[in-house]
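Hi,

Here is the structure I said I would pass on to you. Have a look at it first, and then read my notes underneath.

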Amino acid sequence: MPLFLDMLREQTAASADRRAAALAGLRAYQAFPRGRPAKPMPARFRKGTARLRDYGAKGADGRAVIFVPSLINPPHILDLAPDISLLRWLAQQGHRPFLLDWGTPSPKARDMDVTAHVTRVLLPLIAKFAEPPVLVGYCLGGTMALAAACLTPVAGLALIASPWTFAGFGAAARGEIAALWTAAKPMCEALGLVPMEVLQSGFWRLDPARTIGKYEAFAAMDPASPAARRFVAMEDWANAGAPLPFATGRQLFEDLVGADTTGANHWQVAGQTITPAAIPCPAIEFVSRNARIVPAASAANLPDRHDLGAGHVGMIVGSAAKTQVWKPLSGWLNALPQPK
């Protein structure tokens with residue numbers, strides 16, 4: 001809240017009316033009635049705190065499609081609501097989607113970095129399937145899915161809004177992220193965890209005008225409208241999430257964002273250098289042209305690249321998501337060779 005209020009004062013310094021509208025929107029968001037949280041889908045496989053949740057259509061016998069979300073924010077952005085769910089929609093098309101729920105780490109997991117999430121969680125879960133599955137990675141989940149696809153047989157790899165060349169974030173954004181980590185690192189090291197609040201403050205700093213503007217707009221929405229319900233669901237998702245193990249935060253901020261280990265082809269996983277050129281399976285990439293969280297310049301730049309006008313989250317749950325991502329992804333999955 002202190003950071004939000006600081007941004008509010010900065011962004012609305014010239015307009016008391018805008019400040020009042022944003023505060024009214026914040027109050028309306030806080031008071032918005034929420035129903036009961038949806039019950040998680042059943043866990044088919046487990047590895048540590050992680051669960052692979054089964055969304056498959058009843059009777060579907062095609063390839064398993066494992067969705068690998070980011071370690072940041074909850075995985076349910078891929079299943080935001082009954083009518084805003086990429087996973088449920090794909091199941092309706094006859095696919096067999098599974099969602100990797102990373103779970104909540106304890107301080108005992110402090111030494112588990114991004115690389116270890118690939119080798120100790122993702123690869124063992126992939127190995128549970130008799131036939132190689134397809135991997136679909138969203139955001140940082142795509143970065144990890146790309147590594148997994150280079151290390152074990154998979155039937156295909158799809159990346160959605162996934163960063164690879166972190167130098168593409170630009171010097172200014174990377175400098176702000178570095179400053180944020182410098183300030184937060186001692187506390188995070190003592191905790192053994194990186195609280196979600198640290199990460200959220202970094203996202204807000206990337207585009208403070210949008211952060212304030214969306215609450216101004218919400219103040220004018222009909223609270224009974226679908227748009228209001230969607231806004232609250234998305235904000236609840238964006239403001240939630242498990243902490244990261246300390247080593248994950250350190251590798252993310254220092255090695256990936258700071259040193260661009262992946263973009264420079266220096267990321268070693270299980271003794272192998274991971275590069276997009278080494279992907280041995282069919283691969284496709286969906287890139288946002290205008291996202292601030294994962295800029296287009298940070299993409300892996302796969303040969304089959306689709307640049308879209310939707311934002312980072314809009315690619316998954318926006319009004320054009322079905323046309324721009326859901327249907328093309330389903331068509332690509334259908335075109336993959338099926339198991340014998």
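What follows is a short tour of the two pockets I looked at. Keep in mind that this is a predicted model.

Let's start with the largest pocket. It holds about 1000 Å³ of space, and 33 residues line it. If you want to find its centre on screen, look for Pro37, Ala38, His76, Leu80 and Ala81, which are the lining residues nearest to that point. Among the elements, β4 (96-101) and α9 (226-238) each bring at least two residues to this lining. The top contributor is α9, with eight residues. Sorted by class, the lining has 20 nonpolar residues, eleven charged ones and two polar ones.

Now for the second largest pocket. Here the space comes to about 810 Å³, and the lining is made up of 36 residues. Nearest the centre you'll find Arg210, Lys214, Trp237, Ile293 and Val313. Four helices are worth colouring in for this one: α7 (196-206), α8 (208-219), α9 and α11 (314-317) each give two or more residues to the lining. As for classes, this lining has 20 nonpolar, ten polar and six charged residues.

One thing to check yourself: which element gives the most residues to the lining of the second largest pocket? That's α9, with seven. Since α9 also gives the most to the lining of the largest pocket, try showing that helix on its own and then adding each set of lining residues around it.

Have fun with it, and write back if anything is unclear.

Cheers

Terms used. Residues numbered from 1 in each chain as written. Predicted model: local features only at pLDDT ≥ 70, side-chain atom pairs only at ≥ 80, totals over all residues. Heavy atoms only, no water. 1 Å grid on protein atoms, 1.4 Å probe; cavity = no way out; pocket = protein on both sides within 12 Å on 5 of 7 lines; lining within 4 Å. Points joined across faces, edges and corners; volume = space filled by probe spheres on them. Nonpolar A, V, L, I, M, F, W, Y, C, P; charged D, E, K, R; others polar.
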